[in-house]
Amino acid sequence: MLTMQKYTCKKKKDRSKWDKTIVSKGIKWKNPYMQYLGTHLNIEKIRRGLFNPHFDQNVFRYHSTLTACKREIRNAINYDGEQLVAIDLSNSQPTLLTLLLDDEFWTNEAKGGKLNSSDIPYLFITPIFTNHNNFTNSITLCKNAQNNRIKEGDEMWNYYRMVSSGNFYSEFRQLLNDKLGLDFTSNEEVKPILFTVLFTDNRFIGQEEAAPKRIFRDIFPKIYEITASIKRAKAENLPILLQRIESYIMYYRIVARIRQEKPYLPIFTLHDSIVTLKEYEEYVETVMKEEFGKCLGFTPHFKRDYWNEGALKKIA
């Protein structure tokens, strides 16, 4: 078995193995050596109990050493010897996008506990739309799109079906295979591709690497038009809105309720996931289902990731 350092050197020589992140202009590759240093630094911080918790002042996500830690390394973490489990909102960004597709969210006319834009105090602390006309145009696009949610098989109906089932990434993965011949081995590989579709600049669509973005536009033209309208002033607007919505639901609704009902229960957040003791997984998932369900107007799908030292990946 190779050491982490040797594996990093091997990975550094083969750029196809590099991890990537999505920026407005396209794909940015992560330097394996810097990732190696960051991983060791986070391990040492956890060993010393230095978690550096803080909220960022842009999207109001909660950050810590735990959120910065690589997913594989988390399998080595427990709570006083007890196993931890992360309850994760499946295909979270496509799921939260449903709120931005609903004109009633923007006009604050949603009822039955469903989230309105005015419920989130920091949603518009930075300008999203260039002017009032741009805002009203986006609302009109949403109204038109909602008409395609009624009939089975229509664009919006199909989109809601994909996200509520938790199968969005697997179905989009199949579409990429059918349309472009891209054969991904897992849904995790599809996630950054979808981020390229949603979060890159509208002008990126003409680039060679933007073929999946064009596929999404062709399959979901009304949804693509709405996302393009939101990003007209700045490409970062869409991920900013989605992450602010996520942080509100997680901290104002879910964490606040758990703290009130079970103040003794240890919980840790990883953006769209809550980590807790295995014996409380049913309770935490129920709270997440109820609160996300009320906010979204439908019950989304969740998955569980059990942190287990035996699941640590071996580097061969």
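## Helix packing and salt bridges: worked exercises

H4 goes past H7 in a left-handed crossing. Keep in mind that this is a predicted model. Let's work through it.

**Exercise 1. Work out how H4 and H7 pack: what is the angle between their axes, and which residues meet?**

Step 1: pick the right descriptors. Two packed helices are described by the angle between their axes and the distance between the axes.

Step 2: read them off. The axes of H4 (residues 92-100) and H7 (residues 155-164) come within 9 Å and cross at roughly 135°.

Step 3: name the arrangement. Angles over 145 degrees would be roughly antiparallel, and 65 to 115 roughly perpendicular. The H4 and H7 pair therefore counts as oblique.

Step 4: list who touches whom. From H4 come Pro94, Thr95, Leu97 and Thr98, and they meet Tyr159, Tyr160 and Val163 of H7. Sorted by type, the contact has five nonpolar residues, two polar and no charged.

**Exercise 2. Take the salt bridge of Arg47 and Glu44: how many residues apart are they, and is each one buried, partly exposed or exposed?**

Step 1: recall the principle. Side chains of opposite charge can pair when their charged atoms come close.

Step 2: check the distance. For Arg47 and Glu44, the N to O distance is 2.5 Å. A salt bridge needs the pair within 4 Å, and this is one of 21 in the structure.

Step 3: place the pair. Both residues sit in helix H2 (residues 32-48), three residues apart, so about one helical turn separates them.

Step 4: look at accessibility. Arg47 has 61% relative accessibility, which makes it exposed. Glu44, at 26%, is partly exposed.

**Exercise 3. Now try Glu246 and Arg61: which parts of the chain does the pair tie together, and is each residue buried or exposed?**

Step 1: get the distance. The two side chains form a salt bridge at 2.8 Å, N to O.

Step 2: find the elements. Glu246 belongs to helix H12 (residues 237-261), while Arg61 is in the loop between strand E3 (54-55) and strand E4 (62-63), so the bridge ties together parts 185 residues apart in sequence.

Step 3: apply the cut-off. Buried means under 20% relative accessible area. Glu246 has just 1%, so it is buried. Arg61 comes in at 15% and is buried too.

**Exercise 4. Start from Glu290 and its partner Arg257: where do they sit, and which residues share their network?**

Step 1: confirm the bridge. The closest N and O atoms of Glu290 and Arg257 are 2.7 Å apart.

Step 2: locate both ends. Glu290 is in helix H13 (residues 281-296) and Arg257 in helix H12, so this pair, 33 residues apart, links distant parts of the chain.

Step 3: compare with the accessibility classes. Glu290 is partly exposed at 38%; Arg257 is buried at 18%.

Step 4: follow the shared partners. Arg253, Arg257, Glu261, Glu290, Glu291 and Lys294 are joined into one network by salt bridges that share partners.

**Exercise 5. Examine phi in Asn52 and Phe60: what is its value in each, and where do these residues lie?**

Step 1: read the angles. Phi is near 45° in Asn52, a positive value in a non-glycine residue. For Phe60, phi is near 65°, again positive in a residue other than glycine.

Step 2: place them. Asn52 is in the loop between H2 and E3, and Phe60 is in the loop between E3 and E4.

Step 3: add accessibility where we have it. Phe60 is buried, at 17% relative accessibility.

How values were computed: Residues numbered from 1 in each chain as written. Predicted model: local features only at pLDDT ≥ 70, side-chain atom pairs only at ≥ 80, totals over all residues. Heavy atoms only, no water. Axes fitted to C-alpha atoms, helices over the stretch in contact; angles between N-to-C directions. Helix = DSSP H or I, 4+ residues; strand = E, 2+ residues; numbered from the N terminus. Parallel < 35°, antiparallel > 145°, perpendicular 65-115°, else oblique. Left-handed = near helix turned anticlockwise from the far one by under 90°. Contact = heavy atoms within 4.5 Å. Nonpolar A, V, L, I, M, F, W, Y, C, P; charged D, E, K, R; others polar. Buried < 20%, exposed > 50% of the residue type's maximum accessible area, 1.4 Å probe, protein only.
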